[in-house]
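Colleague: I would like a close look at one part of this model. Please start with a single residue, then move on to the pocket and the core.

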Amino acid sequence: MSRCPEFTTKDGARTHVRDRLRDEKLAAFPFPPHGRIPNFKGAADAARRLFDIPVFANATSLKINPDSAQSAVRAEALRRGMDVYVPTPKLAGGFWKIEARAVPHDAIRKAAA
């Protein structure tokens, strides 16, 4: 296993991760991974694993960012009956609330997007 590099700035760490996602072809749409929270291959599996953590598994509602990489987390929360709060850009419109009970099972993916 390779040693993790040390970073003097948060931007340096972000650039390193985004470069690796790009170079190792692990980034997923939208491209490029730079300048945003990058989406990545395996994000859906990571979302499911997140709910193995008790604080997430036992939640009744979650605040989840609107980034593409977190759409699988939003969908999994809705599948589990959790209400989802999503901030609007720059919080100009506050938060959107997606009530799990109001989303038909076949519409979860669209609601999570």
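Modeller: This is a predicted model. Thr15 counts as partly exposed, because its relative accessibility is 31%, and partly exposed means the range between 20% and 50%. Thr15 sits in helix α1, which covers residues 10-23. Gly35 is 20 residues away from Thr15 along the chain, and their C-alpha atoms are 9.0 Å apart.

Now the pocket. The largest pocket has a volume of about 290 Å³. Its lining is made up of 15 residues. Those nearest the centre are Ala44, Ser71, Ala72, Ala75 and Arg109. Three elements each give two or more residues to this lining: α2 (43-50), α4 (71-79) and α5 (108-112). Helix α4 supplies the largest share, with 5 residues. By type, the lining holds 8 nonpolar, 3 polar and 4 charged residues.

Next, the core. The largest nonpolar core counts 17 residues. Inside this core, the most contacts belong to Phe51, Leu62, Ile64, Ala77, Leu78, Val84 and Ile98. The elements giving two or more residues to the core are α4, β4 (83-87) and α5. Again α4 gives the largest share, 5 residues. Nonpolar side chains tend to be buried together in soluble globular proteins.

Leu78 shows the contacts in detail. Leaving out residues up to four places away in sequence, Leu78 touches Val84, Ile98 and Ala100. Leu78 also touches Ile108, Ala111 and Ala112.

To sum up, α4 gives the largest share of the pocket lining, and α4 also gives the largest share of the core.

Notes
Residues numbered from 1 in each chain as written. Predicted model: local features only at pLDDT ≥ 70, side-chain atom pairs only at ≥ 80, totals over all residues. Heavy atoms only, no water. 1 Å grid on protein atoms, 1.4 Å probe; cavity = no way out; pocket = protein on both sides within 12 Å on 5 of 7 lines; lining within 4 Å. Points joined across faces, edges and corners; volume = space filled by probe spheres on them. Helix = DSSP H or I, 4+ residues; strand = E, 2+ residues; numbered from the N terminus. Nonpolar A, V, L, I, M, F, W, Y, C, P; charged D, E, K, R; others polar. Core = buried A, V, L, I, M, F, W, Y, C linked by side-chain atoms within 4.5 Å. Buried < 20%, exposed > 50% of the residue type's maximum accessible area, 1.4 Å probe, protein only. Contact = heavy atoms within 4.5 Å.
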